[in-house]
Amino acid sequence: MELIILGSAAATPIKERNLSSIALRYRNQILLFDCGEDFQRKFDEAGLKFNKSMKIFITHFHGDHLIGLPGFLFRLSLNDRTAPMMIYGPRNLFLYLYIHKKILGLKANYPLKIIEIDHETQELIEFDGLDSEIPRKTIKMNGNIVLDSKYFSIKYALVEHSVITFAYAFIEKPRYGKFNPDRARDLGIPESNLWKKLQEGQIIHFDGKSINPVKEKIVGPKQPGRKITYSGDLKPCDSLIKLGKDSDILIHEATFAKALAEIAQEKKHSTSVDAAIDAKKMNAKQLILTHISARYQSDALILLEEAKEIFPNTIIAKDLLRITLK
Ligand SMILES: [Zn+2]
Ligand SMILES: [Zn+2]
């Protein structure tokens, strides 16, 4: 599991920083959070593969978080992509992409689903590809969970910004500990599909007996999964704290230094100090500051120092920063 920052700038890209985008490599798929303009170049530079199963989560409709999405989809349409893609975001996400189909001929020859999150009705509105303006189905949401899969779920929270904005949390499900193949062999269980079941903690029936892999010490006991929260753009609000409770990593916007707290408040953004307070409040293990204003091009360290005074385990994002989560 690896986190890669593809863009860490706010509003204006600079030489060292592209606009917002974050990739998470997890179990042979790529999760992307925001698609700032031209993020596809960083995606390529990071060595990420274009024909992978992908899920994209857009926080809000400000250009610096989403203008790169159509460009990326155009690129994918030039390749022989076959892997599925799901794109999540606020209402009108389909319309935004559909306009690119109507005017610029955007195509998707691979399985594509666009899923709009309707916070008011607590529904997910799912469109099949770019062809039909009629949603394929509407699903009632359960506890702000937008995606629930075998190994992880994605939860969102509505946060305070100048337009409808979502923060997202990647929440891994509890995992069984290390698999001990010698122990399985000792019990006479042949290397087969049964091993896969044991690795996943399932009780199997073998040779007239039922075998519990944890009790038999074939796998270690369940361990909590990992959690990563991404704030999107926001001014401090309780909904983010609730969403990000006990995160391993909090990626938080820090557009301004504390000297510009008034402007941050007015523009519904955060300072580095706000980000640090949020990390502390939610009991996060590590904080990554991102969405850095171009005014700190030469001295972004001020943001880091201010945050560290409150939350010592803080780093500042830079493009192509990679973090492996154990
Ligand atoms: Zn922004
Ligand atoms: Zn914004």
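**Sheet and helix packing in a predicted model**

Helix H4 (residues 93–104) lies across strand S5 (85–90), strand S6 (112–118) and strand S7 (123–128). H4 runs at about 140° to S6. Angles run from 0 to 180 degrees between N-to-C directions, with axes fitted to C-alpha atoms, for helices over the stretch in contact. Two residues are in contact if their C-beta atoms, placed from the backbone, lie within 7 Å. Helices (H or I, at least four residues) and strands (E, at least two) are DSSP runs, numbered from the N terminus.

The model is predicted: local features need pLDDT of at least 70, side-chain atom pairs count only at pLDDT 80 or more, and totals for chains, interfaces and linings use all residues. Residues are numbered from 1 along each chain as its sequence is written, while chains are lettered from A and ligands numbered from 1 in the order in which they are written.

The chain holds 10 helices and 18 strands. Its radius of gyration, taken over C-alpha atoms, is 21 Å. The globule rule (2.2 Å times the number of residues to the power 0.38) gives 20 Å for 326 residues, so the chain is as compact as a globular protein of that length. The C-alpha trace spans about 70 × 50 × 40 Å along its principal axes.

An open sheet of 9 strands has the order S8-S7-S6-S5-S4-S3-S2-S1-S18. Its pairing is mixed; two strands pair if DSSP finds at least two bridges between them. Strand S8 (137–140) and strand S18 (322–324) stand at the edges. Each has a single partner strand, so one side of each lacks a neighbour in the sheet. The twist averages 20° from one strand to the next.

At one edge, S18 is joined to strand S1 (residues 2–7) by 3 bridges, and the two run antiparallel. Here Ile-4 stands opposite Arg-322. Towards the other edge, S6 and S7 run antiparallel, joined by 6 bridges. Ile-115 has Glu-126 in S7 as its bridge partner. The hairpin of S6 and S7 has 4 residues between the strands, and Gln-122 takes a positive phi near 60°. S7 is also antiparallel to S8, with 4 bridges. Glu-126 is paired there with Lys-137.

Helix H9 (residues 272–281) and helix H10 (residues 301–310) form a further contact. Their axes come within 8 Å and cross at roughly 30°. H9 and H10 are therefore roughly parallel (angles under 35 degrees; over 145 is roughly antiparallel, 65 to 115 roughly perpendicular, the rest oblique). Among the residues that meet are Ala-276 and Ile-277 in H9, and Leu-303 and Ala-307 in H10.
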